[in-house]
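Trainee: Could we go through this model together, with me asking and you reasoning each answer out?
Mentor: Gladly, let us take a look.

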Amino acid sequence: MVLSEKVDKNVRLDRRSCQAYYGKEKKDGHKGWGKITDYEDMLTKEQQEETNFEKYSYNTRNNGTKSKRINDFIRNNGKFLLLLCIVFIVVVKLQFDIIHLNERLLISDLEITQRTNDVEDLRYYIHILEKRFITLGGDVTEWGCKRNHLQNLDNDDEDDDPSINHVQLLSMEAMKKAYESKFNPNFDEPSKCIKEEMKIFPMKLMCSKMSYNYKEKYLSQIDMYLDHEQDSIENPSYPTSQHSIEGQKISSESGNDSSNSSVNSNKVKYISNGLMNFDHSEVTLFQEVLLESNLVIAPSFGASWGDYNNDGFMDLYIGNHYWYPSLYENLNGTGFREVSDEILPDTVNNKFLDKHSSAWADFDKDGYVDLLECTGALYGTSSIPNNFYINKGGGKEKFREESVQRGIDYPLARGRMVTWIDYDKDGYLDAFLSSQKRADGEGKSALFRQNPKTHTFSDVTDKTEMDVDIKILFARETDLDNDGVLETFLVSFSFPYKVYHSSPDKPFKDVTHRFFAFNATVGESHKEYSKNSTVWIPPPPESGFYALITDLVFGDMDLNGYQDIIFARNYNGVCFITVLFNMGSDPEGKYAVVWERLDVYESNETQCGSLAVADFDNDFNMDIFMVTYLPFANSPNVYVANKGNREFNVKLDGFGAAGTTFGKGESVAIADYDNDGYLDLFITNGKGGVPFDIGPSQLFRNIGYGLTKVPRNWLEIDLIGMKDNAHGFGSRIIIKSCKTSQFRDVDTGVHFSCQNSFRVHFGLSHCPTVSEIKIYWSGSKKFQILKNVKANQILRIEEQWDD
């Protein structure tokens with residue numbers, strides 16, 4: 001039966017469109033084609049069911065036809081469709097491969113750019129080294145991988161210093177290899193200058209023999225770089241004015257004297273993210289300053305700050321290890337002038353001496369600081385006397401070398417550091433010389449007592465109970481338990497090594513176990529574990545010992561009135577900065593004080609080096625700065641900001657003093673060189689073996705006044721001992737300002753291989769005055785008190801004492 005037969009005669013159906021044509025008009029007067037569903041009311045119920053069935057049958061037949069056609073197409077064109085699918089997959093994969101290759105090419109381009117920049121830096125670096133070498137007497141025409149320029153040197157110099165005799169130089173190729181080692185430390189083929197003999201004789205300088213004339217190519221841009229000056233900052237001079245506070249003689253050097261702003265307007269050159277520096281953030285506390293018109297490149301073994309000409313500004317001595325020493329005269333905070341040839345005697349003969357650390361002090365109380373410098377005895381294989389430069393106080397002869405005459409030459413010692421202490425409290429400074437014991441047992445660390453009448457020294461180590469049988473890095477003094485008696489620390493690679501009471505009646509009584517607890521069980525277990533080891537295995541911290549110590553300093557980090565201990569250590573491949581918070585006396589009475597330990601920094605991506613602790617941002621809280629390095633390269637220095645309440649914020653860019661990419665970070669010494677009340681940094685980068693033992697020395701100026709809208713206040717104090725030693729070493733200064741109490745122990749400022757300025761610095765935040773200054777003089781054991789002192793000045797306070 002056909003569907004059209006079941007509907008009204010006026011309706012014609014179209015099977016394909018399921019539409020009907022109505023011959024008669026609809027109710028709305030429309031005549032024509034329309035959807036069947038629009039007129040379902042024209043069909044009976046039976047007709048509607050049959051119509052639905054007919055629709056279903058028609059659709060089924062139609063769909064079956066389509067599926068058959070599709071199957072036939074696939075069957076007839078299967079190979080073509082398979083090929084089309086394969087092509088599609090290949091195209092998609094190629095697109096992904098192209099994207100991946102583009103990413104790898106981009107990374108490779110970046111690496112090539114980095115390597116190219118590194119090579120450019122190396123060429124620049126070697127150019128500076130060559131200029132430095134020529135100033136040392138080298139002949140540029142003989143400059144290469146062999147040293148033929150030494151004919152003019154005395155035979156004695158050659159015999160004394162292996163850095164002169166049989167020395168190989170490091171080529172550009174070798175230097176490039178060494179620098180690339182930070183990307184791939186395990187390279188197989190050494191360069192042509194690293195031969196078998198290099199295992200015997202040390203490499204010292206780097207040769208720059210190249211196949212092209214690099215000077216003409218790079219010298220102009222180097223000179224342009226060095227001559228370029230950014231915006232300069234003018235610093236006023238600070239004349240000394242005399243006034244009195246409650247009848248006491250005090251000289252003041254004000255850092256806020258605007259009337260002198262037009263004086264000494266010499267420009268200071270700045271480097272912001274210099275050619276060879278690590279990147280740092282835009283917000284910085286430190287900004288690099290050139291010491292002179294050229295970058296200072298040299299090997300290093302620390303540096304020392306001291307005011308040799310009594311003009312109120314700190315001068316800088318750099319021993320430069322086996323190169324010429326450098327003495328930089330501070331030009332009223334506006335710059336520096338190198339004066340070693342004018343002032344230091346016989347510097348030419350000191351050219352290749354194995355010079356180590358040095359320390360300033362007015363040992364004979366004549367009003368001028370002198371400089372004692374220890375030497376290394378050429379790895380303990382030779383005999384080289386120390387350098388003792390006696391300050392003659394101006395005139396034609398500025399300094400005279402008198403180590404032998406004064407009895408403190410100690411030529412067999414492998415000297416590490418000089419520490420000035422007045423152990424017998426006679427008012428004159430004695431000297432402790434830290435040393436590394438030689439293979440023949442000679443040259444151990446030694447204590448030299450000064451004769452107050454002749455100002456000569458004699459070795460009195462055997463008359464004390466000091467244990468100096470191992471390598472001592474340096475000695476420090478402080479008062480841990482606030483009993484008025486100083487503790488003397490001998491600092492070695494493990495801490496604590498030895499702590500002594502230094503009272504005059506019985507100097508150097510061993511009190512190590514009185515101040516520190518040790519776990520004997522852990523210690524014995526470690527001893528058993530490491531007994532068969534061919535190398536020294538450092539003990540775990542649970543034993544009560546910490547290793548390997550790289551530096552140690554003191555400071556009241558939590559403002560509780562007790563001296564805390566801060567040290568850097570490398571332990572099991574991790575660098576730690578550890579603070580031992582001194583909690584005061586032990587309630588149980590078992591120990592003199594109680595300690596709480598906190599590691600404020602740790603990283604397995606760098607190695608710890610030298611430390612500096614001070615209130616760098618003048619907010620009352622003492623901060624930490626640490627020099628870092630890597631085995632095959634340098635690494636950015638670290639700044640740890642003390643926010644108070646034992647909260648610390650680590651800045652991995654050194655807060656602007658991240659430092660150079662060349663050399664290896666060795667030491668940091670602090671001083672307020674421009675007398676603006678903010679402490680500055682001097683960093684050496686010539687640590688260890690070649691090629692890293694020659695690196696840039698860098699001065700970073702503290703620009704902390706720019707971090708706050710209102711500059712923070714400060715106070716600095718120089719003590720002048722009368723009955724006590726010349727600088728009041730061993731004394732304590734306590735100040736009160738804005739209901740906050742702070743203290744500093746006055747000492748030589750020495751730590752690993754260098755000496756900070758021993759001028760005492762306090763940050764005062766926004767306090768305009770100091771309500772009280774209380775000085776405890778360690779020699780007389782008496783207090784001296786000053787009231788209501790204005791901030792932002794440098795005080796020179798003389799000791800008052802009665803006969």
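What follows is a set of questions and answers on the fold, its cores, its empty spaces and some backbone details.

Trainee: How many helices and strands does the secondary structure of the protein come to?
Mentor: Keep in mind that this is a predicted model. Of its 803 residues, 54% count as buried. Among contacts between residues at least 6 apart in sequence, 58% join residues at least 24 apart. The secondary structure comes to 9 helices and 48 strands.

Trainee: Which residues have the most contacts inside the largest nonpolar core?
Mentor: In soluble globular proteins, nonpolar side chains tend to be buried together. Here strand S46 (residues 769-777) gives the most to the largest core, with 4 residues. That core draws at least three residues from each of domain 2 (286-453 + 474-519 + 545-715) and domain 3 (716-798). Of its 74 residues, those with the most contacts inside it are Trp420, Phe495, Ile565, Ile733 and Ile773.

Trainee: Is leucine 480 buried or exposed?
Mentor: Leucine 480 sits in the loop between strand S23 (474-478) and strand S24 (487-491). Beyond residues up to four places away in sequence, it touches several others, including Phe489, Tyr562, Ile565 and Trp595. Buried means under 20% relative accessible area. Leucine 480 has 0% relative accessibility, so it counts as buried.

Trainee: What separates the C-alpha atoms of leucine 480 and valine 593?
Mentor: Val593 is among the residues that leucine 480 touches. The two are 113 residues apart along the chain, yet their C-alpha atoms are separated by 7.7 Å.

Trainee: Where does the largest cavity lie with respect to domain 2 and domain 3?
Mentor: The structure holds 9 cavities of 30 Å³ or more, and about 460 Å³ of space lies in the largest. Of the 27 residues that line the largest cavity, the closest to its centre are Val613, Met622, Arg744, Asp745 and Asp747. By class, the lining has 12 nonpolar, 7 polar and 8 charged residues. Because domain 2 and domain 3 both give residues to this lining, the largest cavity lies between them.

Trainee: Which strand gives the largest share of the lining of the second largest pocket?
Mentor: About 560 Å³ of space lies in the second largest pocket. Of its 28 lining residues, the closest to the centre are Asn310, Gly367, Ile720, His727 and Arg796. Domain 2 and domain 3 each supply at least three residues of the lining. The largest share, 4 residues, comes from strand S40 (residues 713-720).

Trainee: What is omega for the peptide bond from phenylalanine 495 to proline 496?
Mentor: Proline 496 lies in the loop between strand S25 (494-495) and strand S26 (498-502). Phenylalanine 495 has contacts with residues including Phe516, Tyr546 and Leu580. The bond between phenylalanine 495 and proline 496 is cis, with omega near -5°.

Trainee: And what is omega for the peptide bond from alanine 547 to leucine 548?
Mentor: Leucine 548 has its place in the loop between strand S28 (546-547) and strand S29 (549-555). The bond leading to leucine 548 from alanine 547 is cis, with omega near -15°.

Trainee: What is the phi of histidine 455?
Mentor: Histidine 455 is found in the loop between strand S21 (446-450) and strand S22 (457-459). With a relative accessible area of 17%, histidine 455 is buried. Its phi is positive in a residue other than glycine, near 55°.

Technical notes. Residues numbered from 1 in each chain as written. Predicted model: local features only at pLDDT ≥ 70, side-chain atom pairs only at ≥ 80, totals over all residues. Heavy atoms only, no water. Helix = DSSP H or I, 4+ residues; strand = E, 2+ residues; numbered from the N terminus. Buried < 20%, exposed > 50% of the residue type's maximum accessible area, 1.4 Å probe, protein only. Contact = heavy atoms within 4.5 Å. 1 Å grid on protein atoms, 1.4 Å probe; cavity = no way out; pocket = protein on both sides within 12 Å on 5 of 7 lines; lining within 4 Å. Points joined across faces, edges and corners; volume = space filled by probe spheres on them. Nonpolar A, V, L, I, M, F, W, Y, C, P; charged D, E, K, R; others polar. Domains from an automatic or database assignment. Core = buried A, V, L, I, M, F, W, Y, C linked by side-chain atoms within 4.5 Å.
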